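Here are some short exercises to work through with the model open beside you. Try each one before reading its solution.

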Amino acid sequence: MRFLQVTVQLASRDPGTIEILKANDPVVRNDLLLLFGNQKYSVIATRDGKEQLRAQALATVRKVIAAAGGKPERVEAVYFTSFVMQ
């Protein structure tokens, strides 16, 4: 059994998108937790694996924004501000 603790920050310069993100915070958190919980240690232990996970996290957040009627491309990036694996 492994332990993964990730802190994520989202980047958007669009006030409307930021409001949609705030209003849908539980959905974003849920979907990201499901994504992070399905990762293999051997994959995310590499830099390429982390970058791939970051791209998947961005796609996950953009999907939530699209489902809420927003413009997904206005979520510019997902950043890992903490990434701890044990």
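## Exercise 1: the largest pocket

The largest pocket is lined by Val6, Thr7, Val8, Leu10, Leu21, Lys22, Asp25, Val28, Arg29, Leu32, Leu33 and Phe36. Please note that this is a predicted model, in which local features need pLDDT of at least 70 and side-chain atom pairs count only at pLDDT 80 or more, while totals for chains, interfaces and linings use all residues. Residues are numbered from 1 along each chain as its sequence is written, and side-chain values use heavy atoms, with hydrogens and water left out.

Task: find which element gives the most to the lining of the largest pocket, and say how the lining residues divide into nonpolar, polar and charged.

Solution, step by step:

1. Start with the term: on a 1 Å grid over the protein atoms alone, a pocket is an open set of points where a 1.4 Å probe fits, with protein on both sides within 12 Å along at least five of seven lines, and lining residues have an atom within 4 Å of a point.
2. Assign the lining to elements (DSSP runs: helices are H or I with at least four residues, strands E with at least two). β1 (4-11), α1 (15-23) and α2 (25-37) each give two or more residues.
3. Pick the top contributor: α2, with six residues.
4. Sort by type: eight lining residues are nonpolar, one is polar and three are charged.
5. Add the volume, which is the space filled by probe spheres set on the points: about 330 Å³.

## Exercise 2: the two sides of α1

Task: work out which residues of α1 are buried, and what covers them.

Solution, step by step:

1. Apply the cut-offs: buried is under 20% relative accessible area, exposed over 50% (1.4 Å probe, protein chains only).
2. The buried residues of α1 are then Thr17, Ile20 and Leu21. Because they cover an arc of only 100 degrees around the axis, they sit on the same side of α1.
3. Turn to the face away from that buried side, where the exposed residues Pro15, Lys22 and Ala23 are found.
4. Look for the cover over the buried residues: it includes β1, α2 and α4.

## Exercise 3: Thr60

Task: decide whether Thr60 is buried or exposed, and list what Thr60 touches.

Solution, step by step:

1. Locate Thr60 in helix α4 (residues 47-67).
2. Its relative accessibility is 17%, so Thr60 counts as buried.
3. Leaving out residues up to four places away in sequence, Thr60 touches (heavy atoms within 4.5 Å) Asp31, Leu32 and Leu35.
4. Finally, a polar atom of the Thr60 side chain lies 2.9 Å from the backbone oxygen of Gln56.

Technical notes: Nonpolar A, V, L, I, M, F, W, Y, C, P; charged D, E, K, R; others polar. Polar contact = N/O pair within 3.5 Å; in protein donor to acceptor, adjacent residues only side chain to side chain. Arc of directions from axis to C-beta.
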